[in-house]
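Me: I would like to go through this structure and ask what stands behind each label. Please set the values against the cut-offs.

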Amino acid sequence: MNKVEESTQVYSIKRINPKDDFGEIKLNTETDIIELYVGNVSNFVHELTHAGQYERGDLAFHAIDGSTLLIDFGDEVEAYKNQYAYDPSVLENISTRPSSMSDVNSKFVAELGYAANNLGVAPININSSKVDLMYSYCKNMKIVKSLYSSNISSAKDIPNIKYKK
Ligand SMILES: [Zn+2]
């Protein structure tokens, strides 16, 4: 969390419904500010975890549409574990409600309805090789094909990727 505080990257926090358990993190491509759309405090902990992942190169953004890149199941599990540690009750409204920290795992994330297509199944970061990326996105043939036909050597070469330098 200190890394986010000390970073030269500017973050801004946008409040959505304060009762909301789900938020979002995205890049404002006009201002270059990373925006955290947060509901309740526990959701803030979740999105702040993603900001930390950006700081350490586990997550990146698409510089044209502002969406997240390189998010894998491990990244979401970490964010939900932190959220759960802050306040277990907020995840209790979910049908797959976890009864302990160990229930907050990849299966939990998958059951939340995250399209496995868009989350990497194996850990990836900005240093991942083309082959590592193709493996992690093996459930999304569209991504696999575009990676295969690209001439990137690592995730850092992905066109329009914004990552922490
Ligand atoms: Zn998340």
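Reply: Strand 2 and strand 3 run antiparallel and are joined by 5 bridges. Keep in mind that this is a predicted model.

Me: What makes strand 2 and strand 3 count as a pair?

Reply: Two strands pair if there are at least two bridges between them. Strand 2 and strand 3 have 5 bridges, so they meet the cut-off of at least two. One bridge sets Glu-24 against Tyr-37 in strand 3. The two strands form a hairpin with 4 residues between them, and Asp-32 in the turn has a positive phi of about 65 degrees.

Me: Which other strand pairs with strand 3, and in which sense, parallel or antiparallel?

Reply: Strand 1, residues 11-15, is joined to strand 3 by 5 bridges, and these two run parallel. In this pairing Ile-13 has Leu-36 as its bridge partner in strand 3.

Me: How do you know that the side chains along strand 3 alternate?

Reply: Ile-34, Leu-36 and Val-38 point to one face and are buried. Ile-33, Glu-35 and Tyr-37 point to the other face and are not buried. Such alternation between the two faces of the sheet is what a regular strand shows.

Me: Why is helix 2 called largely enclosed?

Reply: A residue is buried if 20 or more other C-beta atoms lie within 10 Å of its own. In helix 2, 11 of the 15 residues are buried, so the helix is largely enclosed by the rest of the structure. Among them are Val-45, Leu-48, Thr-49 and Tyr-54. The helix reaches 21 Å from its first C-alpha to its last, close to the 21 Å expected at 1.5 Å a residue. Gly-57 follows the helix and has a positive phi, near 85 degrees.

Me: Why is Ser-99 called exposed?

Reply: The cut-off for exposed is 12 or fewer C-beta neighbours within 10 Å. Ser-99 has 8 inside 10 Å, so it counts as exposed. Ser-99 lies in the loop between helix 3 and helix 4. Its C-alpha atom is separated by 9.8 Å from that of Ser-89, 10 residues apart along the chain.

Me: Which members of the largest nonpolar core touch the most other members?

Reply: Leu-59, Ala-60, Leu-70, Tyr-80 and Ala-155 do, out of 27 residues in this core. Elements that each supply at least two of its residues include strand 2, strand 3, helix 2 and helix 4. The largest share, 4 residues, comes from helix 3. Leaving aside neighbours within four places in sequence, the contacts of Ala-60 include Tyr-54, Leu-70, Ile-126 and Ile-161.

Me: What makes strand 5 and strand 6 edge strands?

Reply: Three strands form an open sheet in the order 5-4-6, with antiparallel pairing. Strand 5 (68-69) and strand 6 (161-162) each pair on one side only, and they are the edge strands. Strand 4 and strand 5 have 2 bridges, and Phe-61 stands opposite Thr-68 in strand 5.

Me: Why does the radius of gyration of the protein chain agree with a compact globule?

Reply: For 165 residues a compact globule would have a radius near 15 Å, and the protein chain has 16 Å, which agrees. The C-alpha trace spans about 45 × 35 × 25 Å along its principal axes. Of the 165 residues, 29% count as buried. The protein chain has 6 helices and 6 strands.

Conventions
Residues numbered from 1 in each chain as written. Predicted model: local features only at pLDDT ≥ 70, side-chain atom pairs only at ≥ 80, totals over all residues. Core = buried A, V, L, I, M, F, W, Y, C linked by C-beta atoms within 7 Å. Contact = placed C-beta atoms within 7 Å. Rg over C-alpha atoms; globule rule 2.2 N^0.38 Å. Expected span 1.5 Å × (residues − 1).
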